[in-house]
Amino acid sequence: MAGVLTMAGCAKDSGGDSEAAGGDGGGAAGSCVTEEAPAAPQGGQQSESKRKTDVDASDLKVGLAFDVGGRGDASFNDAAAAGVDDAVKQLGAEKGNESPAAGNESEAAKEQRLEQMANQGNNPIIAVGFAYAEAVGKVARKHPDTQFAIVDDDSVNAKNVTPLVFAEEEGSFLAGVAAAYKSSECQVGFVGGVETPLIQKFQAGFEQGVEAAGGDNIEVRSEYLTPAGDISGFNDPGKANVKAKSMISQGADVIFHAAGASGKGVFEAAAAEDALAIGVDSDQYEQKTLSDVKDVIVTSMLKKVDVAVYDYIAAVAEGSTDDLPERFDLSVDGVDYSRSNSDIEDVSDELDAYKQAIVDGKIDVSDKPQS
C-alpha cells in the first residue's frame, strides 16, 4: 500500500472558505491553487480524432473477454463494451461471445475462455486487461488466423496480437489539476484498485497535476485497496468506501479513483461526507448505475478504451492495424477529461491549457509516482 504523499503540510483552514467542497462545485479557484496555468491554446482546443463510419465490418464476429467486473462495471469494462457496441451499430460487425473474468482466477481459466472464443469462430477477440497477457500469448500462437487485441499490455510479441495501450498519466494529470482547483481544504486523495505499475500511472499523473496547480500547498493521500496479484481491488466497493471515508475524515475533500467497479464505493463515501470525487475510464457522471451519486462526480479521467476498441475493429475490417497509434494519448484523443457535469466548466479553460501544454511537449508527465 502506498504511503501518504505529503506535498506540503497544509493547514486545515488554508483553503480560505470553510464551506464543504461538495456544495455547488462551482466558483473560482480557492487559495489552494498557487500556480498560474499555461497560456490558453491558440484557436481553442485541438480537434478530436475522426471516427471511421464507412468501413464494412460485417465479416467480423467480435469476441470480448472482460476483466473482473464485466459489463456493467460503469468503468473500464463498460468502455470496452461501448466500443464493440458502436462497431456493431456503425460498421455492421457481428456481436460475438462475451465472458467476464472471476476474481483471482487461474491462468488456465483465462486461457480456456480465449480458446473457447476462438473455437466458436470469434474473430477478432479482444481481451480487456493486462491480466490476459500470458493467456493471449498462448492462445494466439495456437490460432494464427484469428486476430487478437489486448487492452493495457504490450508485452505479447505475435503478428496476430495488437496492443491497445494508453497514456493514463496524461489524463490523470488533468484530474489532478481539476482536484486542486476544486479543493477548498488543500487536501485531496487517490484510491487505486490494485497496486500495479499500470494503476501507478494514474497515481503518478494525478500527483503531478495537483502539484502543477497547487505547488507545495496541497497534500495528496495515495492508497491502494489490494496489493499486486490480488485483483479483487477492482471489484470491492465496500473496501473503497471505507478507504475514501478515512481520507475524507483526515481532511481530503476531492478523491480520484482508479479502481474499476470499486469506484462506486468512493462516490458513495463522497456523497455521504459532502466531498467531491473524480471518476475514471468512462464518463461516470453519465452512467445510469451511478445516477444516485452522480452529483459528486465533478469530472472523470476519460481513458478512451471505447475509441481504441472501435478503431481496432475498423482497422481489422480494413485489413491492417499498422496505422493505429502506438499509444492512445492526449494528442490522439486517447485520454481526456469529461465535461458532462457543468460544475467543471469554471475551470475548463485552465484544464484545456494544461492539456495543450502536454500535447505541445511543454509539460512532460512521468508515469512513475514520486513516492
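# A walk through the fold, starting at Ser75

Let's begin with Ser75, which is buried: its relative accessible area is 0%, and anything under 20% counts as buried. Keep in mind as we go that this is a predicted model. Ser75 sits in the loop that runs between S2 and helix H1 (76-91). Which residues does Ser75 touch, once its neighbours within four places in sequence are set aside? They are Gly260, Val280, Asp281, Ser282 and Gln284.

Two residues around this spot have backbone angles worth a look. Here's the background: most residues other than glycine have a negative phi, and most peptide bonds are trans. Now look at Ala74, in the loop between S2 and H1. Ala74 isn't a glycine, yet its phi is positive, at about 60°. Ala74 is also buried, with a relative accessible area of 3%. Then there's Asp281, one of the residues that Ser75 contacts. Asp281 belongs to strand S10 (residues 276-281), and although it is no glycine, it has a positive phi of about 70°. Is Asp281 buried or exposed? With a relative accessible area of 8%, Asp281 is buried.

While we're on the backbone, find the peptide bond that leads from Asn123 to Pro124: this bond is cis, with omega near 10°. Pro124 is part of the loop between helix H2 (107-119) and strand S4 (125-128).

Time to zoom out. The protein chain's secondary structure comes to nine helices and 12 strands. Of the chain's 371 residues, 58% count as buried. How much of the contact network joins residues that are at least 24 apart? If you take contacts between residues at least 6 apart in sequence, 73% of them do that.

Ile255 gives you a feel for those contacts. You'll find Ile255 in strand S9 (residues 254-258), and its relative accessibility of 1% means that it counts as buried. Leaving out neighbours within four places in sequence, Ile255 has contacts with Gly189, Val191, Ala244, Met247, Ile248, Val266, Leu276, Ala277 and Ile278. You can also pair Ile255 with Ala175: these two are 80 residues apart along the chain, and their C-alpha atoms are separated by 9.8 Å.

Ala175 takes us to helix H4, where it is one of the residues making the contact with H5. Follow the axes of helix H4 (residues 168-182) and helix H5 (residues 197-214): they come within 6 Å and cross at roughly 40°. An angle like that falls outside the parallel, perpendicular and antiparallel ranges, so H4 and H5 are oblique to each other. As for handedness, H4 passes H5 in a right-handed crossing. On the H4 side, the contact residues include Phe173, Gly176, Val177 and Ala180, while those of H5 include Phe202, Gly205, Phe206 and Gly209. Sorted by class, the contact of H4 with H5 has 12 nonpolar, six polar and three charged residues.

H4 has another helix to deal with: H9. The axes of H4 and helix H9 (residues 348-359) come within 10 Å and cross at roughly 150°. That angle is over 145 degrees, so H4 is roughly antiparallel to H9. The crossing of H4 and H9 is right-handed. Who meets whom here? From H4 come Glu170, Phe173, Leu174, Val177, Ala178 and Tyr181, and from H9 come Glu350, Leu351, Tyr354, Lys355 and Ile358. In terms of class, the contact of H4 with H9 has eight nonpolar, no polar and three charged residues.

Our last stop is a covalent link. How many disulfides does the structure hold? It holds one. The partners are Cys32 and Cys186, whose sulfur atoms are 2.2 Å apart. The link of Cys32 and Cys186 is left-handed, with -100° about the S-S bond. What does this link tie together? Cys32 is in the loop between strand S1 (4-5) and strand S2 (61-68), and Cys186 is in the loop between H4 and strand S7 (187-195), so the pair ties together parts that are 154 residues apart in sequence. Both Cys32 and Cys186 are buried, just as Ser75, where we began, is buried.

Key. Residues are numbered from 1 along each chain as its sequence is written. This is a predicted model: local features need pLDDT of at least 70, side-chain atom pairs count only at pLDDT 80 or more; totals for chains, interfaces and linings use all residues. Side-chain values use heavy atoms; hydrogens and water are left out. Axes are lines fitted to C-alpha atoms, for helices over the stretch in contact, and angles run from 0 to 180 degrees between N-to-C directions. Helices (H or I, at least four residues) and strands (E, at least two) are DSSP runs, numbered from the N terminus. Angles under 35 degrees count as roughly parallel, over 145 as roughly antiparallel, 65 to 115 as roughly perpendicular and the rest as oblique. A crossing is left-handed if the near helix is turned anticlockwise from the far one by less than a right angle, and right-handed if clockwise. Contact means heavy atoms within 4.5 Å. Ala, Val, Leu, Ile, Met, Phe, Trp, Tyr, Cys and Pro count as nonpolar, Asp, Glu, Lys and Arg as charged, and the others, Gly among them, as polar. A disulfide is a pair of cysteine sulfur atoms within 2.5 Å. Buried means under 20% relative accessible area, exposed over 50%, partly exposed in between (1.4 Å probe, protein chains only).
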